[in-house]
Structure formats: structure tokens, C-alpha cells
Amino acid sequence: KHLGVLRSPGIFPLVEELISSAKDHRNSKAQMLAGYMKNLLLHPPPHSVAMAIHDVCTMLRETDVSLPAFNLTSVPANKMSRLITDREANAPFFTEILKLLRSVQQMLAREHLEALCARILDVVAYDTSTPAV
């Protein structure tokens, strides 16, 4: 609470200041990133997952190749997993998932991004509560 993660009067909003575009409530991608960061600060993942997140950030910073466009959704990964498992997903949801999977497939097909993909999959496995492959 006193880190500025949760809104409190007189406390500096840490995450919103780190991601300045998160202040714009129309920017859904920045809002998702801010939400993910808040969740990590409030509920820290195991050390191995934290290291995977660190590795992904480092690899993304150092890469000089373009990455496929990801049509990010505002639905968290664990909720996506639950919707599919509980058979509550509709056709537009599956269309969005298909677009996301096609982008991921393009990324996985690039040999020079293999290490990055492996670390991303470690984080996704944790976020969706599924075993890593």
C-alpha cells in the first residue's frame, strides 16, 4: 500500500509514473501492463518466474529484430484459460485467440528468438497455472 501500488491519498502512484502512458485510460495496452506490474508487486511470483520475466525484458531490450504484432486482449491469461476450460468462450473470443496464436506461431518459427520464446512460455505457464513443457 505504501509503495504506491494501491491508490492512497498522498502516496505517489509508482506504477503509473513508471509507465507514463498508463495515465491515459484510453491506452488499453498500457493499462494492461500497469495492471500486470501491480499484480507482480502485490503477489510476487516464485523466483524462477521472476527470473524468466527479467530474462524476457533483457532479451527484448537487446533484440534488433522486429517481432510479430500481437493483438493484445484485455483478458488476463488465467481468465482466458478458465473461459476455454469451462466452455464459456464465444466466437469473437476464439477469433481473437486465433489472431494471437498466429502471431505467437510466427514468433516461435524464428530460430533466433528461440531463447526468448522459451522464457515467455515459462511465464505464460505460471500465469495460466499450466505445466511448462
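Is Val104 buried, partly exposed or exposed? Val104 comes out as partly exposed, because its relative accessible area of 27% falls between the 20% and 50% cut-offs. Keep in mind that this is a predicted model.

**View 1. The whole chain, an all-in-a-row set of helices.** Going along the sequence, the pattern reads α-α-α-α-α-α. That makes 6 helices and 0 strands. The protein chain has 133 residues, and 23% of them count as buried. Its exposed area is about 9,500 Å², with carbon and sulfur atoms supplying 59% of that. If you look at contacts with a separation of 6 or more, 52% of them come from residues 24 or more positions apart.

**View 2. Helix 3 against helix 6.** Two packed helices are described by the angle between their axes and the distance between those axes. Here, helix 3 (residues 47-62) meets helix 6 (residues 114-127) at an angle of about 140°, and the axes lie 9 Å apart. The crossing of this pair is left-handed. On the helix 3 side, the contact uses Ser48, Val49, Met51, Ala52, Ile53, Asp55, Val56, Met59 and Leu60. Helix 6 brings Ala115, Leu116, Arg119, Ile120, Asp122, Val123 and Tyr126 to the contact. Sort the residues of this contact by type and you get 12 nonpolar, 1 polar and 3 charged.

**View 3. Helix 3 on its own.** How far apart are the end C-alpha atoms of helix 3? They are 22 Å apart, which agrees with the 22 Å that its 16 residues should span at 1.5 Å a residue. Buried residues in helix 3 are Val49, Ala52, Ile53, Val56 and Thr58. As a reminder, an α-helix has 3.6 residues a turn, so residues three or four places apart point the same way. Val49, Ala52, Ile53 and Val56 also take part in the contact with helix 6.

**View 4. Helix 6 and what comes after.** Helix 6 has 14 residues and reaches 20 Å from its first C-alpha to its last, close to the 20 Å expected at 1.5 Å a residue. Its buried residues are Leu116, Cys117, Val123 and Ala125. Leu116 and Val123 turn up in the contact with helix 3 as well. After helix 6 comes Ser129, with a positive phi near 60°.

**View 5. Two pairs linked across the sequence.** Ala115 sits in helix 6. With a relative accessible area of 47%, Ala115 is partly exposed. From Ala115 to Asp55 the C-alpha distance is 9.4 Å, although 60 residues separate them in sequence. Both are among the residues of the contact between helix 3 and helix 6. The other pair starts from Val104, in helix 5 (residues 91-108). Its C-alpha atom is 8.8 Å from that of Cys117, and the two are 13 residues apart along the chain. Cys117 is one of the buried residues of helix 6, while Val104 is partly exposed.

**View 6. Arg87 in its loop.** Where is Arg87? Look in the loop between helix 4 (77-85) and helix 5. Most residues other than glycine have a negative phi. Arg87 has a positive phi, near 55°, and is not a glycine. Arg87 counts as exposed because its relative accessible area, 78%, is over 50%.

Conventions:
Residues are numbered from 1 along each chain as its sequence is written. This is a predicted model: local features need pLDDT of at least 70, side-chain atom pairs count only at pLDDT 80 or more; totals for chains, interfaces and linings use all residues. Side-chain values use heavy atoms; hydrogens and water are left out. Axes are lines fitted to C-alpha atoms, for helices over the stretch in contact, and angles run from 0 to 180 degrees between N-to-C directions. Helices (H or I, at least four residues) and strands (E, at least two) are DSSP runs, numbered from the N terminus. A crossing is left-handed if the near helix is turned anticlockwise from the far one by less than a right angle, and right-handed if clockwise. Contact means heavy atoms within 4.5 Å. Ala, Val, Leu, Ile, Met, Phe, Trp, Tyr, Cys and Pro count as nonpolar, Asp, Glu, Lys and Arg as charged, and the others, Gly among them, as polar. Buried means under 20% relative accessible area, exposed over 50%, partly exposed in between (1.4 Å probe, protein chains only). Accessible areas come from the Shrake-Rupley method with a 1.4 Å probe; for residues, only the protein chains shown count as cover. The expected span of a helix is 1.5 Å times one less than its number of residues.
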